[in-house]
Amino acid sequence: MKIVFMGTPDFAVPSLHALTEAGYAVAAVVTQPDKPKGRGKTLLPTPVKEEAVMHDIPVYQPEKVRNNPEFLEILKEINPEIIVVAAYGQIIPKEILELPKFGCINIHASLLPKYRGAAPIQWSIINGEEFGGVTTMYMAKGLDSGDMILKAEEKIKDDDTYGTLYDRLSYIGADLLIKTLD
């Protein structure tokens, strides 16, 4: 199955790595543009870009994916059978959602339908939830509104912080992605 992977931060790296380890054909990676950091404003690649480069996967970094006909043409040329999205950082427009034969799936760091949108891990901790988790879902127009595919729960420990839960959920999401694709 030819896959385009869209993701940006550390959270998405285990999922991209799992795809390559499982032997899936990742035809391209789409991530946010490199950002200037520090006093020297050195351009630093996103964590997903670094992972893609290690696996010799072509990387695309459009400023925006909405109303971007050049980028849409690139995706049409790649002709993915499925697009996997993990913490990409932009809302994916309808014309991209409808492009792949098997649609677009998202790895979301909450047990949907709770905590749609941004900061689901933080809200799970702030609200004292007993469990957090990851949901894979088909993407539809609207924020985290598509049909759910699979879920994996993770107990939130008393000493969990955003960072500790984030790290565990990133690996749980990677495992769940492979189960979802299988």
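**Exercise 1. Which residue of β8 does N106 stand opposite?** Work out how strand β7 sits among its neighbours.

*Solution.* Keep in mind that you are looking at a predicted model.

Step 1: start with the pairing of β7 and β8. β8 covers residues 131-138, runs antiparallel to β7, and is joined to β7 by 4 bridges. In this pairing, N106 stands opposite M137.

Step 2: turn to β6, residues 82-86. β6 pairs with β7 in the parallel sense, over 3 bridges. Here V85 stands opposite N106.

Step 3: look at where the side chains go. C104, N106 and H108 point one way from β7, while I105 and I107 point the other way.

Step 4: check burial. Since 5 of the 5 residues of β7 (104-108) are buried, β7 is largely enclosed by the rest of the structure.

**Exercise 2. At what angle do α1 and α6 pack?** Describe how the two helices meet.

*Solution.* Step 1: find the helices. α1 is residues 13-21 and α6 is residues 162-181.

Step 2: get the geometry. Their axes lie 8 Å apart, at an angle of about 40 degrees. Angles under 35 degrees would count as roughly parallel, and the roughly perpendicular range is 65 to 115. The pair is therefore oblique, and α1 passes α6 in a right-handed crossing.

Step 3: list who touches whom. α1 brings P14, S15, A18 and L19, and α6 brings S170, Y171, G173, A174, L177, I178 and L181. Sorted by class, that contact has 8 nonpolar, 3 polar and no charged residues.

**Exercise 3. Which residues of α1 are buried, and what do they pack against?** Then see what follows the helix.

*Solution.* Step 1: pick out the buried residues of α1, which are V13, P14, S15, L16, A18 and L19.

Step 2: follow their contacts. These buried residues pack against β1 (2-7), β2, α2 (47-54), β7 and α6. So you've met two of these partners already, β7 and α6.

Step 3: move past the helix. α1 is followed by G23, whose phi is positive, near 85 degrees.

**Exercise 4. Is Q32 buried or exposed?** Place Q32 in the fold and decide.

*Solution.* Step 1: locate Q32. Q32 is in the loop between β2 (25-30) and β3 (35-37).

Step 2: compare with the cut-off. Buried means under 20% relative accessible area. Q32 has 13% relative accessibility, so Q32 counts as buried.

Step 3: see what surrounds Q32. Setting aside neighbours within four places in sequence, Q32 is in contact with T8, T46, Q61, Y88, G89 and Q90.

Methods. Residues numbered from 1 in each chain as written. Predicted model: local features only at pLDDT ≥ 70, side-chain atom pairs only at ≥ 80, totals over all residues. Heavy atoms only, no water. Buried < 20%, exposed > 50% of the residue type's maximum accessible area, 1.4 Å probe, protein only. Contact = heavy atoms within 4.5 Å. Axes fitted to C-alpha atoms, helices over the stretch in contact; angles between N-to-C directions. Parallel < 35°, antiparallel > 145°, perpendicular 65-115°, else oblique. Left-handed = near helix turned anticlockwise from the far one by under 90°. Nonpolar A, V, L, I, M, F, W, Y, C, P; charged D, E, K, R; others polar. Pairing = 2+ DSSP bridges.
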